[in-house]
Amino acid sequence: MNIFNSIQLSSSGPVCRDCTYFQNDPAVIEDAYRGLTVMSSGFASVRDQDGLCNYHQLYLSARDSCPAFAPAASEINQEQAR
Amino acid sequence: MTTSNTETVAVNKSSGWQEFWLKEDWWAVWLGLGIVLLAYVFYLNGSSISWIAVSPAKWSTLSQLGEQFSKNAVRYLALLGVFLILFTIVVSFIGQKPRAFIPSFIFVFILSTIIYAAGNWDQASKYNLEPPLVALVLGLIISNVIGLPRWLDAGFRVEFYIKLGIVLLGATLPFTLIIWAGPVAILQASIVSLVTFLVIFYTARKLGLDKRLAAVLGAGGAVCGVSASIAVAGAVRAKKEHPPIAISLVVFWAIILIFALPLVSRTLHLPTGVGGAWIGTSEFADAAGLAAAQSYGGLAGKNLGISGTAEQALASYTLIKVIGRDMWIGIWAFVLAFISVTVWERNETNSKVQVGQIWWRFPKFVIGFLIASVLTTLIVHGNTLADYNKIVKPSLIAPITSLRTWAFTFSFLSIGLTTRFRELANAGIKPFIAFTVGVIVNVILGYILSVLVFGHYWSSIVTH
């Protein structure tokens, strides 16, 4: 296995950030994870743009992707505008 | 979850540039460096920001204290006004409601003033009234016994206040100290972080816990507490229920260690620099560790047989914690994400690991801390020690130190005010055992390295 095949510099194609199942609003994350604000924050750099996937029930990066991607409303609107 | 998809998508669409005004880290940098530059401008003009950077002085009777407050009432109101304006701008930009923040922050400021003043009572040390511990206990009592409405949480921004305080702390630490002690801090912290992570991870695996949960717990105990857990959770695609388990365990142990580490250090009469290094190695979260380090530093020179200065405790703590541990969270996240992709099973997603997360997850407030240190080192450079003590310290360093103490007090109080024990998730016995084994190893190894191996080093660090 070539380990470099597992690394990339930036994401290409649809990513979780644009998916309808993905939520990464810091306020939503702080509300979902009570206790997060005691010693960290939803607005911290270390959290990057991570969020909750309501399809797989995971906490993951906004730059992630998966076969179940479903474009969010704004993405569909943009596609139609094009 | 009450946020609609439409609202969420709007937030989801954030670009890299927006980080500069959407993240608390960057706001801590802007405000912290802004304060340092303003202080320098005043200093250059033969003046000082000390009028606005008011703080309670030593007092022995209530009438003295009352006199202080009546004499400086306008200054305190002005300070509250400046903090309110600056912080309201911050919360507005990051997307919170100023209407909830303003009354909440006024509440925090009033309580912090009382705590700050109590700490300056000349009998305070006799009754163990160390301001960080008083702030924490008072906050815990208010939130867990009395109870507060949820909307008041808007002003309890533990992380933002502590990051602002750390940037200001950078302005009071010589950059030469960071260069001199940084490599030792990184070496010591790396040894403890790696050992602690591996102990928690393999104990968790032995107990049959999921690999990703084991990694999230390990990062929380080894790197920087809740922030590390949440960063690694995102990197390894943890299950939704994993982060709350780590949050509960980190908060539980961090609060115990806030009291335990200074108490044991005091019993062993550790020099403040050594005690700070131990706390920096064995505490998890920045705010919790700073509360412990500041309270231990406050015991110096009070006939307790503890040598060193309060600044040494903060300096050694910050070097180990910020330079030795916090800075490397992006690397930890990248390595664990890589392992999760190449070694562990991946069923749910098909992404590759992005090397950019080393930067994306970098705690940006560290940049402000380093720049602030460089700036003041350059400003102070060329002054004799006599000039430094007579001119630079009172007109430039002391006001910044005062504002730093305010920021830290807001944070310590907010830890207590946001810790609602009944709301923390039930971690379960297996995660508890795995994490606790890691805590024990961390504390023992931290003691060996801070006291026995590098003790001579940390006891002699120069902070001016």
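Which residues of helix 11 of chain B are buried? They are B:Thr272, B:Gly273, B:Val274, B:Gly275, B:Gly276, B:Ala277, B:Trp278, B:Ile279, B:Gly280, B:Thr281 and B:Ser282. Keep in mind that this is a predicted model. Here's a quick tour, starting with that helix and ending where the chains meet.

**Helix 11 of chain B**
- Helix 11 of chain B covers residues 272–282, and 11 of the 11 count as buried, so the rest of the structure largely encloses it.
- Buried here comes down to a neighbour count: a residue qualifies if 20 or more other C-beta atoms lie within 10 Å of its own.
- As for what it packs against, the buried residues of helix 11 of chain B sit against helix 8 (175–206), helix 10 (242–267), helix 12 (286–297) and helix 13 (310–325) of chain B.
- Two further partners from the C-terminal part of the numbering are helix 18 (429–453) and helix 19 (455–459) of chain B.

**Chain B as a whole**
- You're looking at 19 helices and two strands in chain B.
- The radius of gyration of chain B is 22 Å, close to the 23 Å from the globule rule for 464 residues, so chain B is as compact as a globular protein of that length.
- Lined up along the principal axes, the C-alpha atoms of chain B fill a box of roughly 65 × 55 × 45 Å.
- Burial isn't just a helix 11 thing: 52% of the 464 residues of chain B count as buried.
- Take the contacts in chain B between residues at least 6 apart in sequence, and 80% of them join residues at least 24 apart.

**Where chain B touches chain A**
- On the chain B side, 67 residues are in contact with 51 residues of chain A.
- Helix 9 (residues 211–236) of chain B gives the largest share of the side that touches chain A, with eight residues.
- Sorted by class, that side of chain B has 32 nonpolar, 20 polar and 15 charged residues.

**Strands across the two chains**
- Strand 1 (residues 7–8) of chain A and strand 2 (residues 353–354) of chain B run parallel, joined by two bridges.
- In that pair, A:Ile7 stands opposite B:Val353.
- There's also an open sheet of four strands, ordered 2(A)-3(A)-4(A)-1(B), with antiparallel pairing.
- Its edges are strand 2 (22–23) of chain A and strand 1 (238–239) of chain B, each pairing on one side only.
- Inside chain A, three bridges link strand 3 (residues 51–53) to strand 4 (residues 58–60), and these run antiparallel.
- A:Cys53 stands opposite A:Leu58 of strand 4 of chain A.

Methods. Residues numbered from 1 in each chain as written. Chains lettered and ligands numbered in written order. Predicted model: local features only at pLDDT ≥ 70, side-chain atom pairs only at ≥ 80, totals over all residues. Contact = placed C-beta atoms within 7 Å. Nonpolar A, V, L, I, M, F, W, Y, C, P; charged D, E, K, R; others polar. Pairing = 2+ DSSP bridges. Rg over C-alpha atoms; globule rule 2.2 N^0.38 Å. Buried ≥ 20, exposed ≤ 12 C-beta atoms within 10 Å, placed from the backbone.
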